[in-house]
Structure formats: C-alpha cells, structure tokens
Amino acid sequence: RRVGRDMHGRVVAGMESRLGALDVGYGLTFAMMTERSFKVMDDLLGADHIVDHDYFLRDDATYSTLLDNNLLEPNRVVHQGDRYGYDYRLSRASVVLYGTLRWADASMAVDVDARLGAETTWRRGYYEKELFAGSKSLGRSPYIWRTPYHLSASWRYTLSGHDVAVAVMLRGQSPECYDDFLQVQYNNRTTGRACLATTIAAEAMYSFEYERLRLSAKVYMLSYNNLTDVLHYYDDLAGVYVDAVVSNIDRLHYGLEAVVDVAWQRYLTSCVALNIGRY
C-alpha cells in the first residue's frame with residue numbers, strides 16, 4: 001500500500017484601505033506544504049516475511065549487488081504491517097507579497113491583482129538506498145529556489161442590461177514537487193530545472209439580459225509555456241528503469257463560448273451552451 005500523508009498550512013497578514021473611490025488591499029502570505037510518502041506491506045500472500053531488497057535489480061548485470069532499500073537497516077526482514085521500500089518527505093515553503101486594487105462606480109469596475117513570492121522546494125529521505133548511497137538518498141536534498149509571480153487585471157462595464165468585460169492574466173509558477181526530482185521515491189537528485197512555467201490568459205465577454213432571457217458570449221485564450229514533465233518508464237532496449245525530463249512544453253487553448261438562459265417560471269429555467277475550441 002502506497003501511503004501519502006499531506007499537510008498544508010497558510011498564514012495571511014493583510015490590510016484593507018479605502019482611498020477615495022479606490023479599495024486597496026495588501027499583505028503577506030506564508031504557505032507550507034509537506035507530504036510524507038512510504039510503502040506498507042499489507043499482504044504477503046501467505047508468506048511469513050520478505051527481505052527489504054530492490055528485487056528489480058536482482059538480474060541487473062551492473063547493479064545487482066546494490067539491493068538494499070535501506071542501509072540504515074541492511075537485510076531488514078519485513079512483516080505484514082511494516083514500512084518498506086522507500087520513505088521520504090517532499091516539502092515546499094513560500095512567502096508571497098500581494099496587493100489588490102478595485103475601483104468601481106454605478107456602471108464600471110476595474111480590478112487589479114499582483115503577487116510576487118519567494119519559494120523553495122526540497123526532499124528529505126529517511127531511507128539510505130544502497131543504489132544511491134549517502135546523501136544521494138538519505139537526508140535533505142539541495143534547495144530549489146524560485147520567484148513565482150501573478151498579475152491580473154479586469155474591466156467591466158454595465159448599462160441597460162448590457163454587460164461587457166475584459167480580463168487578462170500573466171503568471172509564473174513552479175511545477176509539481178514530484179517533477180523537480182528524478183526517481184523521487186529513492187533519490188535526492190533534482191532535474192536541474194529551476195525555471196518557472198508561464199501562463200498567459202485573456203478573455204472578452206458580452207452579455208445581454210432582458211426580462212427572463214439572458215444571452216452571453218465569450219472568447220478566450222490560454223497559453224502555457226515552458227512546462228516540464230518527468231516521465232517514469234521502463235526502457236526495453238536498455239533493460240533499465242528510466243526517468244526522462246521533458247522540458248519546454250507549450251500548450252495553446254482558445255475558443256468561443258455562447259450561452260442562452262431562459263427563466264420560464266420561478267422554479268423552471270433552461271440553459272443551452274455551445275463551446276467551440278482548439279487545443
């Protein structure tokens with residue numbers, strides 16, 4: 001049984017101010033995420049025990065002498081209910097400075113949201129795997145530092161049942177913690193890519209409401225750039241397990257959405273939506 005125990009914490013210290021027609025918010029956010037991952041022997045299929053070895057290496061011509069999953073307890077006997085195989089913790093901590101701005105009157109509203117952070121990710125291994133002896137698997141990995149950011153703005157105008165809105169967003173974010181490491185279950189080795197993935201988004205919306213009828217249409221665009229993915233697979237040609245880092249992945253999504261809402265009675269409404277997109 002593969003076990004993952006997550007814990008997330010967040011502390012926000014913020015202020016809100018009114019400056020004439022402007023609502024201003026600003027503050028600081030501290031966030032912490034940690035996940036402890038390990039395997040538990042739930043069923044030995046009738047056997048009494050198993051030795052905590054990496055049996056995938058047994059027939060390997062190069063690494064078959066490096067079988068121990070944990071040199072802290074070599075040749076450890078595993079019984080039902082025991083941990084075995086791997087035991088590690090992934091952690092990520094960040095500090096983010098944020099600010100918001102809102103201006104509104106009877107027919108128009110403008111919102112701006114900006115964030116800038118400092119973030120670090122690391123792994124701590126509790127087993128010393130013989131294949132990656134010493135600090136390669138045991139203890140803390142190198143810290144991976146990044147500076148994520150977010151900037152978004154929107155404008156909305158409403159008049160006599162007509163509503164027009166435009167929104168844009170630019171964001172730089174880290175990959176998932178698992179995609180920062182090679183063979184994350186056993187290894188402190190990082191992929192070496194500390195760059196951020198960027199997202200650019202924009203949408204424009206128009207809607208019209210008259211009595212029981214509401215019509216709306218929206219065009220949208222999402223562009224993801226510099227994404228990274230780590231693929232775990234078995235190389236049949238070489239006969240080894242491999243982690244492949246695929247980087248500089250880009251994705252582009254755009255399309256049109258149209259919606260018709262009709263309120264026939266107080267308790268009866270209908271909605272018809274059409275979405276045409278290219279991804």
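The questions and answers below concern a predicted model of one chain.

Q: How many helices and how many strands does the chain have?
A: The elements of the chain, read from the N terminus on, are β throughout the run β-β-β-β-β-β-β-β-β-β-β-β-β-β. The count for the chain is therefore zero helices and 14 strands, with a strand being a DSSP run of E of at least two residues.

Q: What radius of gyration does the chain have, against that of a compact globule of 279 residues?
A: The C-alpha trace spans about 80 × 45 × 35 Å along its principal axes. A compact globule of 279 residues would have a radius of gyration near 19 Å. For the chain the value is 26 Å.

Q: What percentage of the residues of the chain count as buried?
A: The accessible surface of the chain comes to about 17,200 Å², and 58% of this surface belongs to carbon and sulfur atoms. A residue counts as buried when its relative accessible area is under 20%. Of the 279 residues, the buried part is 32%.

Q: Among contacts between residues at least 6 apart in sequence, what percentage join residues at least 24 apart?
A: Contact here means heavy atoms within 4.5 Å. One pair that is far apart in sequence is S37 and D87, with their positions 50 residues apart, and D87 is among the contacts of S37. Over the chain, the part of these contacts that joins residues at least 24 apart is 64%.

Q: How far apart do the centres of the positive and negative side chains lie?
A: The chain has 30 positive and 35 negative side chains. The centre of each set is compared with that of the other, and the distance is 4 Å.

Q: How many bridges join β1 to β2?
A: Strand β1 covers residues 2-19, and strand β2 covers residues 22-40. The two form a hairpin with two residues between the strands, where G20 takes a positive phi near 65°. M15 stands opposite Y26 in β2. The strands run antiparallel, and the number of bridges is 18.

Q: Which residue of β5 stands opposite S37?
A: S37 has its place in strand β2. β2 and β5 run antiparallel and are joined by 19 bridges. The residue opposite S37 in β5 is Y88.

Q: Is S37 buried or exposed?
A: Leaving aside neighbours within four places in sequence, S37 is in contact with V3, G4, Y86, D87, Y88 and Y178. Between S37 and D87 the C-alpha to C-alpha distance is 5.7 Å. Because the relative accessibility of S37 is 4%, and the cut-off is under 20%, S37 counts as buried.

Q: Over how many bridges do β5 and β6 pair?
A: Strand β5 is residues 83-104 and strand β6 is residues 108-125. A hairpin of three residues joins β5 to β6, and V96 stands opposite G117 in β6. The pairing is antiparallel, and the number of bridges is 17.

Q: Which residue in β9 is the bridge partner of M108?
A: Strand β9 covers residues 149-159 and runs antiparallel to β6. Nine bridges join β6 to β9. In β9, the partner of M108 is Y157.

Q: Which residue in β8 is the bridge partner of E119?
A: β8 is residues 144-146, and β6 pairs with β8 in the antiparallel sense over three bridges. In β8, E119 has as its partner R146.

Q: Which residue of β7 does R124 stand opposite?
A: Strand β7 is residues 139-140. β6 and β7 pair in the antiparallel sense over two bridges. In β7, the residue opposite R124 is R140.

Q: What is the phi of N75?
A: N75 lies in the loop between β3 (50-51) and β4 (77-78). N75 is partly exposed, because its relative accessible area is 47% and this class runs between 20% and 50%. N75 is not a glycine, yet its phi is positive, at about 55°.

Q: Is S160 buried or exposed?
A: S160 is found in the loop between β9 and β10 (162-173). Its phi is near 50°, a positive value in a residue other than glycine. Because the relative accessible area of S160 is 65%, and the cut-off is over 50%, S160 is exposed.

Note on methods:
Residues numbered from 1 in each chain as written. Predicted model: local features only at pLDDT ≥ 70, side-chain atom pairs only at ≥ 80, totals over all residues. Heavy atoms only, no water. Helix = DSSP H or I, 4+ residues; strand = E, 2+ residues; numbered from the N terminus. Rg over C-alpha atoms; globule rule 2.2 N^0.38 Å. Buried < 20%, exposed > 50% of the residue type's maximum accessible area, 1.4 Å probe, protein only. Areas by Shrake-Rupley, 256 points an atom, 1.4 Å probe, with all protein chains shown as cover. Lys, Arg positive; Asp, Glu negative; His and termini not counted. Charge placed at Lys NZ, Arg CZ, Asp CG, Glu CD. Pairing = 2+ DSSP bridges.
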